[in-house]
Amino acid sequence: MPVVNYRLDGNVAVIEIDHPPVNATSIEVREGIAVALKDAAADPVVEALVIAGSRGIFIAGADIKEISSGISNKFPTLRDLQAQMEAVPKPIVAAITGTALGGGFEIALTCHWRIAAADAKVGLPEVKLGILPGAGGTQRFTRLAGPEAALEAITSGNPIPAKRALELGLIDAIADDALADAVVLARTAAADRRPLRLASEVDDKIAAVDTAIFGAFRKKLASKARGQLAPWKIIDCIEAACTRTREEAFNFEREAFNECRESPQRKALIHLFFAEREAKKVPDLPADTRPLPIRSAAIVGAGTMGGGIAMNFANAGIPVQLLELSQEALDRGLGLIQKNYAASVKRGSLTEAGMERALSLIQGVTDYDAINGADIAIEAVFEDMKVKKDVFTRLDAVCAPHAILATNTSSLDVDAIAAVTQRPQSVIGTHFFSPANVMKLLENVRSKHSSPQTIATAMSLGKLLNKVVVLAGNCDGFIGNRMLQFYSGEAEFLLEEGATPEQIDRVMEGFGFAMGPLAVRDLAGNDVGYSIRKARKIPADERFSPILQRVFEAGRLGQKSGKGFYRYDGRTRISDPEIMTLIEGVSRDLGIARREIPDEEILVRLLCPLVNEGAKIVDEGIAIRASDIDIVYVNGYGFPSYKGGPMFWAQDFGFDKVIATMQKLGATHGRRWRPAPLLERLAASGKGWS
Ligand code: CAA
């Protein structure tokens, strides 16, 4: 089957990319376009060209698999095609439907004009893959839309709706039928002998740029893009577009692209791109499983978590009821939701009308009977098995027979919760992360009774609620929190041995974590951390460090009490000699001689236990695949995306080195810390995760 169709519409050649699923410009597509361009240029009947995509999508970019394999460098490259397009002495118009992203948008930008459907989106998302638009994207975008717009759009990589793209000058018109209008425009431009407009030659928006904007933007991005390569290179390229000759600037972009493509960050981020898509797939579900349509939802519990979950449904346009038995608690919950939306309006990320629309979809109720029409009920009450069981008994009694009953527990036994209902097949865990209206991760937890339709429905919430979704099996802490106890537990062992909270957090933040483990403890609350710790059963030959308990007992609850592992001025951490007295006291009581701990040891001793427990989770089938764990850690626990997640990191670091670290830790910490058998098998076989 040809991947590029060529037909004549009178005197207009229509070149249509037809390469499922997303018309990516793989080598066959590039070859097809090159042949079509050559034919159209040579045919005297053809007076103009239109480039379009089939199945409602223009081109979603380069074929990402080819970037990893190097095939994107094979002739004809995107740049070869662009040179060919710019040499055709006939008008070329892009008809943009669906998405024109990355290399796809770079092709559109090389056309003389662009017409888009009203619901189309354009953009340069390369930064999310650790690269930059290397086929003139940073240059043509900047020339058409100006450097300020380019800086925002290309360093974020976010898609731009057609209406905004028109305002920015990136497209020339919006049409009901983009293809039909593109053909008319192409024909008219040829008939009128309109001068061909090359974006690479437009220069009015780069003519007199105040170069101070680049320094200011670098400052603005400093903390967000800390540790990354591509965003900084993108700024350099946009600056080059405004300060260097055209040829120099295009060459500069090419070199910057090559540097990003060779970086480990590119490998890590492309790993995550495919991992995120794999994570949605549940191999043991029958192929004909259909998710239950979710037309309405009910959330039990109007606390921070319940309110955040309700906002997710409202944002997706789904009516949602928020149940709280006391009117006072309900009012408090609804007030918090209102405050959150108002803050988004103030920040400019939501319109007033958008806020009103979302709020109108949230209905507060104080009676279980009121939620009997919901397709899904999600419990988000206090993390206590007895309380959860009571809620599920009541939900089972009132909810419609088809309704799915979900628990937002972060570690409790989903089988035991399901067992109190008459419909265990319809019960599942949907573990949202706090704040649920912000965090991208949804960790679903199947019980041993969850039916294929229940699982498929929970997985479909990913698309519905714009979440990154992963399926876990049922065990204490599921994927994320089960692993975390080894990470945060090790941080305390390091404190006992001689590290300080500042050193540990500095090392992990230097690695790229949004926050170090002790700063996270203070944020989550040391009372909460200690109550989870107390509930954990550990084998007799193991211990937890007493530090957390002593911190809790000293009333150092974290940010909320103004002191924890740090003292706080608002949210600003301040070193506190008192905490060091407490930690040194623990070392003394345990007879541990404190020592200087090198930063590298801290990093390895915190990451290896994560990986080790992750390997056990894969071996037990709790995670379907190792890459699902990377998705959980990057989207739920602040692991730096450009390091690819803990399992990806481990493969690069070396399984043998992880094993060696765990052998040492196992000897002092106990049996659960010993090397995971899967790691030993992989190290022996020389294989990767799969
Ligand atoms: N290359 C290869 N495969 C791609 C792809 C791409 N650019 N974009 C999507 N796919 C694949 C996905 O892996 C997925 O495959 P499976 O079904 O086998 O898992 C399939 O297409 C569907 O993708 P989604 O599940 O993401 O579908 P969606 O409808 O939710 O989203 C989309 C569609 C908006 C196009 C989204 O896939 C997307 O954002 N794709 C990436 C776009 C991108 O980053 N483009 C830039 C590429 S780099 C570049 O272009 C620079 C250069 O020149 C070198």
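This briefing describes the ligand site, one strand and the domains of a protein structure. The model is a predicted one. In it, 24 residues surround the ligand, and the protein buries 74% of the 990 Å² that the ligand exposes when taken alone. The protein chain is assigned domain 1 (4-261), domain 2 (297-474) and domain 3 (481-685).

**Residues around the ligand**

- Among the 24 residues that surround the ligand, the closest are Ala60, Ala62, Gly103, Arg277 and Lys281.
- By residue class, the shell around the ligand consists of 14 nonpolar, 3 polar and 7 charged residues.

**Polar contacts with the ligand**

- Ala60, one of the closest residues, places a polar backbone atom 2.8 Å from a nitrogen atom of the ligand.
- Arg277, also listed among the closest residues, has a polar side-chain atom 2.7 Å from an oxygen atom of the ligand.
- In the side chain of Lys280, an N or O atom is 3.4 Å from an oxygen atom of the ligand.
- A polar contact is a pair of N or O atoms within 3.5 Å.
- Together with the protein, the ligand loses much of its exposed surface: of 990 Å² exposed by the ligand alone, 74% is buried by the protein.

**Elements that contribute to the shell**

- Helix H2 (64-69), helix H4 (103-110) and helix H12 (264-279) are the elements that each give two or more residues to the shell around the ligand.
- Helix H12 supplies the largest share of this shell, namely 3 residues.

**Strand E6 and its partners**

- Strand E6 spans residues 113-117, and 5 of its 5 residues are buried.
- Burial applies to both faces of E6: Trp113, Ile115 and Ala117 lie on one side, while Arg114 and Ala116 lie on the other.
- Strand E4 (residues 92-96) runs parallel to E6 and is joined to E6 by 4 bridges.
- Within this pairing, Ala95 has Ile115 of E6 as its bridge partner, and Ile115 is one of the buried residues named above.
- Strand E9 (residues 173-175) also pairs with E6 in the parallel sense, over 3 bridges.
- Here the bridge partner of Ala116 is Ile174 in E9; Ala116 is buried on the face of E6 that also holds Arg114.

**Domains of the chain**

- The domain assignment divides the protein chain into domain 1 (4-261), domain 2 (297-474) and domain 3 (481-685).
- Taken over C-alpha atoms, the centres of domain 1 and domain 2 are separated by 41 Å.

Definitions and conventions: Residues are numbered from 1 along each chain as its sequence is written. This is a predicted model: local features need pLDDT of at least 70, side-chain atom pairs count only at pLDDT 80 or more; totals for chains, interfaces and linings use all residues. Side-chain values use heavy atoms; hydrogens and water are left out. A residue is near a molecule or strand if one of its heavy atoms lies within 4 Å of it. A polar contact is a pair of N or O atoms within 3.5 Å; within protein, one must be able to donate a hydrogen and the other to accept it, and residues adjacent in sequence count only if both atoms are side-chain atoms. Accessible areas come from the Shrake-Rupley method with a 1.4 Å probe; for residues, only the protein chains shown count as cover. Ala, Val, Leu, Ile, Met, Phe, Trp, Tyr, Cys and Pro count as nonpolar, Asp, Glu, Lys and Arg as charged, and the others, Gly among them, as polar. Buried means under 20% relative accessible area, exposed over 50%, partly exposed in between (1.4 Å probe, protein chains only). Two strands pair if DSSP finds at least two bridges between them. Domain bounds come from an automatic or database domain assignment.
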